[in-house]
Amino acid sequence: MKIGITCYPTYGGSGAVATELGLELAQRGHEVHFVSYARPFRLDPFRERVFFHEVEMEDYPLFEHPPYSLALAVALHDTARKHELDLVHVHYAIPHATSAWIAHEMLGEERDLKIVTTLHGTDITLVGLHPSFHAITRFSILRSHGLTAVSKFLKRETVRDFTVPEERVEVIPNFIDTAVYRPGLVPSHRATLAPDGEKIVMHISNFRAVKRAEDVVSVFAKLTAKQPSRLVLVGDGPERPRVLMRAEELGVRDRVMFLGKHTSVHEVLSCADLFLLPSASESFGLVALEAMACGAPVVASNVGGLPEVIEHGTSGYMFDVGDIDAMAEAGLRIMGDDEHWRSLSEAGRALAEERFSSERVVPQYERYYEQVLRR
Ligand code: GMT
């Protein structure tokens with residue numbers, strides 16, 4: 001198959017999954033063309049059958065907001081023609097599903113380009129709900145020939161808020177390469193992150209308000225008061241200054257290490273003794289899966305698609321959003337009991353392998369593409 005993939009190329013779960021999917025598909029013999037405004041951050045340039053096409057944009061002084069959606073539509077149209085694409089798979093509906101539909105219309109009779117749109121999260125639960133985007137999001141996703149959601153939760157939200165017929169949305173969960181995400185990758189990193197041999201608590205995100213990263217610090221402050229540990233924060237975003245200020249206020253700033261954006265997330269994650277994800281909303285929580293695959297028990301909020309990823313009491317614990325006391329208590333229980341820690345760690349790894357490995361999930365996408373192409 002010849003497949004086009006469009007995603008946000010920056011740090012973030014949807015771009016990471018789209019890139020991994022493209023690489024896996026190429027390994028399975030498909031030809032994959034990435035189309036975006038920059039090379040996706042995890043896209044290895046030296047892979048067979050993988051191509052990258054940068055979207056060209058004219059910067060004209062009249063444009064306060066350059067119309068990227070149109071430039072992307074043109075790039076998709078050109079790539080589909082030149083490379084005879086069978087299908088274009090866009091990740092995150094806004095504006096990608098709309099650009100893909102425009103490209104499809106531009107091709108007209110010339111080429112029956114099929115569109116598959118994967119819904120990832122805030123394209124449905126937040127941004128897509130805004131009056132300025134709702135109608136075009138609904139229109140574009142209904143025009144896609146195939147529509148997938150990364151969790152049952154996200155499917156329910158799509159059906160409810162966009163009145164999309166249930167049978168139109170296929171749930172295909174996110175996945176990871178369990179050979180890359182595994183426990184104990186670089187043991188020497190532990191000593192760098194926790195020089196006095198303390199336990200390592202970790203959080204990785206894009207530090208947007210929805211991640212409630214301030215709660216991470218509050219939970220950590222309670223934890224470290226009873227069991228001296230280190231908090232390692234990975235990623236960057238608008239909430240970073242507030243998070244560091246909170247650490248100052250709670251008197252734990254010297255125990256918090258801020259690593260910023262990191263490309264070898266798996267190596268850092270495999271040092272974690274506990275992963276915290278207290279988000280206000282999370283359609284899947286790819287990072288929780290990455291943590292589990294690396295053997296880190298997860299303490300998270302009980303929202304969205306997280307219960308489909310973490311098994312409460314088996315691979316981690318989930319509590320109401322903002323329940324800092326319960327999260328800290330669970331963290332202490334986990335880190336203070338080696339046997340309990342090991343059982344959660346092993347169960348998380350097993351869940352990741354059994355349900356969310358690329359071997360298990362990528363064929364689901366292949367079968368879905370074939371189904372869409374037959375329609
Ligand atoms: O939806 C977003 O705001 C961004 C998006 C991303 O690119 O990281 O996150 C969503 O997609 C991820 C990959 O499918 C999921 O793991 C995240 O849970 C989801 N974020 C939210 O629902 C807030």
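This passage describes the two largest pockets of a predicted model.

The largest pocket encloses about 1,100 Å³ of space. Its lining is formed by 45 residues, and Gly-12, Gly-13, Ser-14, Asn-206 and Arg-208 are the closest of these to the pocket centre. Four helices each give two or more residues to this lining, namely helix 1 (13-27), helix 3 (93-107), helix 4 (122-125) and helix 11 (286-293). Helix 1 provides the largest share, with four residues. In chemical character, the lining of the largest pocket divides into 19 nonpolar, 19 polar and seven charged residues.

The position of the largest pocket follows from the origin of its lining. Residues are given to this lining both by domain 1 (2-175 + 358-374) and by domain 2 (190-355), and the largest pocket therefore lies between the two domains.

The second largest pocket has a volume of about 290 Å³. It is lined by 13 residues, of which Glu-20, Leu-23, Arg-42, Arg-47 and Val-180 are the closest to its centre. The lining of the second largest pocket comprises four nonpolar, three polar and six charged residues. Here, too, helix 1 supplies the largest share of the lining, with four residues.

Helix 1 thus recurs in the description of both sites: the largest share of the lining comes from helix 1 in the largest pocket and in the second largest pocket.

Technical notes:
Residues are numbered from 1 along each chain as its sequence is written. This is a predicted model: local features need pLDDT of at least 70, side-chain atom pairs count only at pLDDT 80 or more; totals for chains, interfaces and linings use all residues. Side-chain values use heavy atoms; hydrogens and water are left out. On a 1 Å grid over the protein atoms alone, a cavity is a set of points where a 1.4 Å probe fits but cannot get out, and a pocket is an open set with protein on both sides within 12 Å along at least five of seven lines; lining residues have an atom within 4 Å of a point. Grid points are joined across faces, edges and corners, and a volume is the space filled by probe spheres set on the points. Ala, Val, Leu, Ile, Met, Phe, Trp, Tyr, Cys and Pro count as nonpolar, Asp, Glu, Lys and Arg as charged, and the others, Gly among them, as polar. Domain bounds come from an automatic or database domain assignment.
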